[in-house]
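Colleague: I would like to learn how to read salt bridges, burial and strand pairing from a set of coordinates. Could we take one example and work through it?

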Amino acid sequence: MTDQIRKQGPTVTRDVQITFDCADPARLATFWAEALGYQLQAPPGDFESWDQALEAMGVPPENRNDASAVVDPEGTRPRLFFQRVPEHKQVKNRVHLDVRAAPGLEGDERMAALEAEAERLVSHGAERLSRHEPAPPLGAGHLIMADPEGNEFCLD
């Protein structure tokens, strides 16, 4: 198998998009834009709003919240895409986001910064699930949270 992979040529890096299945794309997009400092993706072309764009595309009003996206204002981080699905979340995430909310901080100062960010995100619809204290040398401490639809993420 390794020889076969080598014959394919050099590895090429790829951009990624992170996709969330959800019940309310607009609400979840708004939450994650707030959590990450992203912005809602602008409508295409010369449209002033997504409603105008979707109207022009012939999308019926009941389908206008079928998808939403947020983007990094600097254009360097992955786009997050939110798509409506009929089923609700049923089990723990197998993949989650770690939101780096206390870079360079340690100990009590780090945990205080994480707590402040948790409080801010709770005011936007997140839920605080648990706190994990620092456990040197490898465990710096983190908080486990859930977004408004129950998707787990860490404040790290």
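**Salt bridges and a sheet**

Modeller: Start with the count: the structure holds 12 salt bridges. Keep in mind that this is a predicted model.

Colleague: How do I read a single bridge, and which side chain does Glu55 meet?

Modeller: Look for a side-chain nitrogen of Lys or Arg within 4 Å of a carboxyl oxygen of Asp or Glu. Here the side chain of Glu55 meets that of Arg64, with an N to O distance of 2.5 Å.

Colleague: Is Glu55 buried or exposed, and is Arg64 buried or exposed?

Modeller: Buried means under 20% relative accessible area, and exposed means over 50%. Glu55 has 51% relative accessibility, so it counts as exposed. Arg64 has 18%, so it counts as buried.

Colleague: Which residue forms a salt bridge with Arg100?

Modeller: That partner is Asp156, with the closest N and O atoms 2.6 Å apart. Arg100 lies in the loop between β5 (97-99) and α4 (107-122), while Asp156 is in the segment after β8 (152-155), so the pair ties together parts that are 56 residues apart in sequence. Arg100 counts as exposed because its relative accessibility is 59%; Asp156, at 18%, counts as buried.

Colleague: What is the distance between the closest N and O atoms in the salt bridge of Arg110 with Asp156?

Modeller: For Arg110 and Asp156 the distance is 2.7 Å. Arg110 lies in helix α4 and Asp156 in the segment after β8, so this pair ties together parts that are 46 residues apart in sequence. Both Arg110 and Asp156 are buried. Elsewhere in the list, Glu115, Arg128, Arg131 and Glu133 are joined into one network by salt bridges that share partners.

Colleague: Now the sheet. What is the order of the strands in the open sheet of four strands?

Modeller: The order is β1-β4-β3-β2, with mixed pairing. β1 (17-22) and β2 (39-40) are the edge strands, each pairing on one side only. β3 and strand β4 (residues 79-84) pair in the antiparallel sense over four bridges, and Val70 stands opposite Leu80 in β4.

Colleague: Which helix lies across these strands?

Modeller: Helix α2 (residues 25-36) lies across β1, β2, β3 and β4, and runs at about 160° to β4.

Colleague: Where is Ser68 placed, and what is it in contact with?

Modeller: Ser68 is in strand β3 (residues 67-71). With a relative accessible area of 18%, Ser68 is buried. Leaving aside neighbours within four places in sequence, Ser68 is in contact with residues including Pro25, Ala26, Ala29, Leu40 and Leu80.

Conventions: Residues numbered from 1 in each chain as written. Predicted model: local features only at pLDDT ≥ 70, side-chain atom pairs only at ≥ 80, totals over all residues. Heavy atoms only, no water. Buried < 20%, exposed > 50% of the residue type's maximum accessible area, 1.4 Å probe, protein only. Helix = DSSP H or I, 4+ residues; strand = E, 2+ residues; numbered from the N terminus. Contact = heavy atoms within 4.5 Å. Pairing = 2+ DSSP bridges. Axes fitted to C-alpha atoms, helices over the stretch in contact; angles between N-to-C directions.
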